[in-house]
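Student: I have a structure here that I would like to read through carefully, one question at a time. Could you take me through the reasoning behind each answer?

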Amino acid sequence: MEGKNDKDFIATLRDYGLQVTYQRLAIYQALYFTREHPSAEVIYQQVKKRFPMISLGTVYKTLEKFYEVGLIQKVSPITEVARYDALTGSHHHLVCLECQSIRDVSVDEEPNICVTGQNGFHVLRQQIVIHGYCTTCKANI
């Protein structure tokens, strides 16, 4: 995830048809430079260090906009708090039922789940989330 500079991030936002603002840039960078899958609140706390006047509402709205245009993924763990991922390439997620950690799992091929055409349903995105226990939590069970 290294090697990107501000010009790269600006180009990425523009590629997705988004107006570039300092807040959007900071929010995307905060998400891009982490391997975690942070909630909006975690991203807000990080971005607030650079932009003290930013609101939590702005962070939520920005993340939703990023998600709508396909710039990021929304990962839904077992809690009601959405978590976000800047990695949109082909991968799945492992969610720990105990500590709520989320880890990426690379895949060579997408599973062949074909629902297009069934009941007129049009698939926009699909995601596989696997629930279980991470190695740390498994040792404590």
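Student: Which residues in α3 do Ala 26, Ile 27, Gln 29, Ala 30 and Leu 31 in α2 meet?

Tutor: Please keep in mind that this is a predicted model. The axes of α2 and helix α3, the latter made of residues 40-50, come within 10 Å of each other, and α2 passes α3 in a right-handed crossing. At this crossing, the five residues you list from α2 meet Ile 43, Gln 46, Val 47 and Arg 50 in α3.

Student: How do the residues of the contact of α2 with α3 divide into nonpolar, polar and charged?

Tutor: The contact includes Ala 26 and Ile 27 on the α2 side and Arg 50 on the α3 side. Sorted by class, the residues of the contact of α2 with α3 come to six nonpolar, two polar and one charged.

Student: Are α2 and α3 parallel or oblique to each other?

Tutor: The axes of α2 and α3 cross at roughly 125°. An angle counts as roughly perpendicular from 65 to 115 degrees and as roughly antiparallel over 145. The crossing falls in neither range, and α2 and α3 are therefore oblique.

Student: How is helix α1 oriented to helix α2?

Tutor: Helix α1, residues 6-15, and helix α2, residues 22-32, pack with their axes 10 Å apart and at an angle of about 105°. Because angles of 65 to 115 degrees count as roughly perpendicular, α1 is placed in that class with respect to α2, namely roughly perpendicular.

Student: Which residues in α2 meet Asp 6, Phe 9, Ile 10, Thr 12 and Leu 13 in α1, and how do the residues of this contact divide?

Tutor: On the α2 side, the partners are Arg 24, Leu 25, Tyr 28, Gln 29 and Tyr 32. Taking both helices together, the residues of the contact of α1 with α2 divide into six nonpolar, two polar and two charged.

Student: What is the handedness of the crossing of α3 and α4, and at what angle do their axes cross?

Tutor: The axes of α3 and α4 come within 9 Å of each other, and the angle between them makes α3 oblique to α4. The crossing is right-handed, and the angle is roughly 120°.

Student: How many nonpolar residues are in the contact of α3 with α4?

Tutor: In this contact, Ala 40, Glu 41, Ile 43 and Tyr 44 in α3 meet Leu 56, Val 59, Tyr 60 and Leu 63 in α4. No polar residue and one charged residue are found in the contact of α3 with α4, and the number of nonpolar residues is seven.

Student: Is Thr 62 buried or exposed, and with which residues is it in contact beyond its neighbours within four places in sequence?

Tutor: Thr 62 has its place in helix α4, which runs over residues 56-69. Its relative accessible area is 7%, and because buried means under 20%, Thr 62 is buried. Leaving aside the neighbours within four places in sequence, Thr 62 is in contact with Arg 24 and Ile 27.

Student: How many disulfides are there, and how far from the sulfur of Cys 99 is the nearest cysteine sulfur?

Tutor: A disulfide needs a pair of cysteine sulfur atoms within 2.5 Å, and by this rule the count is zero. Cys 99 is in no disulfide, and the nearest cysteine sulfur, which belongs to Cys 96, is away by 3.7 Å.

Student: Is Cys 137 buried or exposed?

Tutor: Cys 137 is likewise in no disulfide, the nearest cysteine sulfur being that of Cys 134 at 3.6 Å. The relative accessible area of Cys 137 is 9%, and because the cut-off is under 20%, Cys 137 is buried.

Student: Where is Gln 100 found, and what is its phi?

Tutor: Gln 100 is found in the loop between β3 and β4, and with a relative accessible area of 17% Gln 100 is buried. Its phi is positive although the residue is not glycine, with a value near 70°.

Student: How far apart in space are His 92 and Ile 128, C-alpha to C-alpha?

Tutor: His 92 lies in strand β3, residues 91-96, and at 8% relative accessibility His 92 counts as buried. His 92 and Ile 128 are 36 residues apart in sequence, while their C-alpha distance in space is 5.3 Å.

Key: Residues numbered from 1 in each chain as written. Predicted model: local features only at pLDDT ≥ 70, side-chain atom pairs only at ≥ 80, totals over all residues. Heavy atoms only, no water. Buried < 20%, exposed > 50% of the residue type's maximum accessible area, 1.4 Å probe, protein only. Axes fitted to C-alpha atoms, helices over the stretch in contact; angles between N-to-C directions. Helix = DSSP H or I, 4+ residues; strand = E, 2+ residues; numbered from the N terminus. Parallel < 35°, antiparallel > 145°, perpendicular 65-115°, else oblique. Contact = heavy atoms within 4.5 Å. Nonpolar A, V, L, I, M, F, W, Y, C, P; charged D, E, K, R; others polar. Left-handed = near helix turned anticlockwise from the far one by under 90°.
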